[in-house]
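Let's take a guided walk through this chain together. Have the sequence and the model open side by side, and follow along as the elements come up.

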Amino acid sequence: MEHSEKKEISRREFMKYTIAALGGLIGLGYGIPAIGYVVAPALAKSQAQQWIQLGAVSKVELGTPTLFKVNISRQTGWIVNQEELSVYVLTENGRDFVAMSNVCTHLGCRIRWIADQGQYYCPCHNGVYDKQGNVVSGPPPRPLDKYQTKVENDQLFILEG
Ligand code: FES
């Protein structure tokens, strides 16, 4: 005698499996974007370093910090912002360049070069830096941030990010 085993799913079991499957789909719908939201900023940060073209090397005066301004796009998570980057570039010999951020290391105000004093000055809390960006006086906790530089085809670049 032949036994054919026929398994029947009850209406109750069918509903249970269907609800579990729908719950899983909804979970994936929320879960995948949530994972992307957490992971994307980390990936964006690792891609953020880029060479920025400041301009012609010939523009940098010997022995005097020269201010370059460029517009860059910066990605933070999902948001891309346009911002202006201001960089002081100093050379004493026309071959070696020091590129410094114009952002004060105390609380982030913009410093500026005061030529007749031969120093950078921060107007927010009277921070003073020397020509190489070292702290002379005031509250800044460390020298001005510096960028790696390179020259290609007489154009000056900094590594930003
Ligand atoms: S922000 Fe520059 S001294 Fe405070």
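The report below goes from the start of the chain to its cores, its hairpins and its backbone angles.

A word first on the origin of the coordinates: this is a predicted model.

**The helix and a nonpolar patch**

Helix α1 covers residues 11-46, and Ile-19 is part of this helix. Ile-19 also helps to form a nonpolar patch on the surface, together with Ile-9, Phe-14, Met-15 and Tyr-17. The area of that patch is about 560 Å². Is Ile-19 buried or exposed? Ile-19 is exposed because its relative accessible area is 55%, and the cut-off for the exposed class is over 50%. As a general backdrop, nonpolar side chains in soluble globular proteins tend to be buried together.

**Two nonpolar cores**

The largest nonpolar core has 15 residues, and those touching the most other members are Leu-54, Leu-85, Val-87, Val-89, Leu-156 and Ile-158. Strands β1 (50-56), β2, β3 and β10 (155-160) each contribute at least two residues to this core. A second core, separate from that one, has 11 residues, including Ile-111, Tyr-120, Tyr-129 and Leu-144.

Val-89 is a good residue to click on. Beyond its neighbours within four places in sequence, the contacts of Val-89 include Leu-54, Phe-68, Phe-97 and Leu-156. Thr-64, Pro-65 and Thr-66 are also among the residues that Val-89 contacts.

**The β2-β3 hairpin**

Strands β2 (residues 66-76) and β3 (residues 79-90) run antiparallel and are joined by 11 bridges. Leu-67 has Tyr-88 of β3 standing opposite. Two residues lie between the strands of this hairpin, where Gly-77 has a positive phi near 65°.

**Around β6**

Which residues make up the covered face of β6? Tyr-120 and Cys-122 do, while Gln-119 and Tyr-121 are on the uncovered face. This fits the general pattern that side chains alternate between the two faces of the sheet in a regular strand.

Strand β6 pairs with β5 through three bridges, in the antiparallel sense. Three bridges also link β6 to β7, and these strands are antiparallel too. Tyr-121 takes part in both pairings: Arg-112 has Tyr-121 as its bridge partner in β6, and Tyr-121 has Val-128 as its bridge partner in β7. The β5-β6 hairpin has four residues between its strands, and Gly-118 there has a positive phi near 65°.

Cys-109 sits in the loop between β4 (98-101) and β5 (112-114). Apart from neighbours within four places in sequence, Cys-109 contacts Asn-102, Val-103, Cys-104, Cys-122 and Cys-124. Cys-109 and Gly-127 are 18 residues apart in sequence, and their C-alpha atoms are 9.9 Å apart.

**Two asparagines with positive phi**

Most residues other than glycine have a negative phi. Asn-126 and Asn-153 are worth checking against that background, as both have a positive phi.

| Residue | Loop | Phi | Relative accessibility |
|---|---|---|---|
| Asn-126 | β6 (119-122) to β7 (127-129) | about 60° | 47% |
| Asn-153 | β9 (146-152) to β10 | near 50° | 75% |

Asn-126 belongs to the β6-β7 hairpin, which has four residues between its strands. At 47%, Asn-126 is partly exposed, because that class lies between 20% and 50%. Asn-153 has a value of 75% and therefore counts as exposed.

Methods
Residues numbered from 1 in each chain as written. Predicted model: local features only at pLDDT ≥ 70, side-chain atom pairs only at ≥ 80, totals over all residues. Heavy atoms only, no water. Patch = residues over 30% accessible without salt bridge, like charges linked within 9 Å, V, L, I, M, F, W, Y side chains within 5 Å. Areas by Shrake-Rupley, 256 points an atom, 1.4 Å probe, with all protein chains shown as cover. Salt bridge = Lys/Arg side-chain N within 4 Å of Asp/Glu carboxyl O. Buried < 20%, exposed > 50% of the residue type's maximum accessible area, 1.4 Å probe, protein only. Pairing = 2+ DSSP bridges. Core = buried A, V, L, I, M, F, W, Y, C linked by side-chain atoms within 4.5 Å. Contact = heavy atoms within 4.5 Å.
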